[in-house]
Amino acid sequence: MQQVVQEVIVCKKTDLNPGEMMESTFGKHSIVVARASDGEYYAFLNRCIHQGAALSKGKICGAPEPTDNLGEYDFKREGDILRCPWHGREFDIKNEGCMLANSKFKLKNFKVKVEDENVIVYK
């Protein structure tokens, strides 16, 4: 009988600054643990839903958002967007990993909690 992993310490709080990410594991899954600009932690399967790139090789960044002036954009949300290294697909880490271009697609995400100095991923 296979044992199911329920809870894993993936890193210390101090291992990630806001806007950073790291690769870790949860059971047999490779995951990416990200810390958003507000300091909250998020965890996703380390695999882009487009063609399977390891998202941990991408970057945490921001994204352009339209302004009131047609054709003008502001660069916002620095530290809250996870960009795939292969084709630049962008995912909102603060919105369950939804793809920016089409929010009906999203990354597989995991629950995260912080206890004392530990960041813990659990089911």
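Tutor: A charge sits over a ring if NZ of Lys or CZ of Arg is within 6 Å of the ring centre and within 35 degrees of the ring normal. This is a predicted model, where local features need pLDDT of at least 70, side-chain atom pairs count only at pLDDT 80 or more, and totals for chains, interfaces and linings use all residues. Residues are numbered from 1 along each chain as its sequence is written, and side-chain values use heavy atoms, with hydrogens and water left out.

Student: What makes the charged end of Lys-113 count as sitting over the ring of Tyr-122?

Tutor: The charged end of Lys-113 lies 5.0 Å from the centre of the Tyr-122 ring and sits over that ring. The distance therefore meets the 6 Å limit. Lys-108 has its charged end over the ring of Phe-110, 5.2 Å from the centre.

Student: Why is there no disulfide between Cys-84 and Cys-48?

Tutor: A disulfide is a pair of cysteine sulfur atoms within 2.5 Å. The cysteine sulfur closest to that of Cys-84 belongs to Cys-48 and is 3.7 Å away, so the two are too far apart for a bond. The structure holds zero disulfides. For Cys-98, which is in no disulfide either, the nearest cysteine sulfur is that of Cys-48, 14 Å away.

Student: Why is Cys-84 called buried?

Tutor: Buried means under 20% relative accessible area, exposed over 50%, and partly exposed in between (1.4 Å probe, protein chains only). Cys-84 has 4% relative accessibility, so Cys-84 is buried. Cys-98 is buried as well, because its relative accessible area is 10%.

Student: What makes β1 and β10 a pair?

Tutor: Strands are DSSP runs of E, at least two residues, numbered from the N terminus. Two strands pair if DSSP finds at least two bridges between them. Five bridges join β1 to β10 (residues 118–122), so the requirement is met; the two run antiparallel. Ile-9 has Ile-120 of β10 as its bridge partner.

Student: Why are β1 and β2 called edge strands?

Tutor: The order in this open sheet of six strands is β1-β10-β9-β4-β3-β2, with antiparallel pairing. β1 (7–12) and β2 (20–26) each pair on one side only, and are the edge strands.

Student: How do you know that β5 and β6 pair?

Tutor: Seven bridges join β5 to β6 (residues 73–83), so the minimum of two is satisfied; these strands run antiparallel. Ala-63 stands opposite Lys-76 in β6. Both strands belong to an open, antiparallel sheet of four strands in the order β5-β6-β7-β8. Its edge strands are β5 (59–66) and β8 (98–99), each pairing on one side only.
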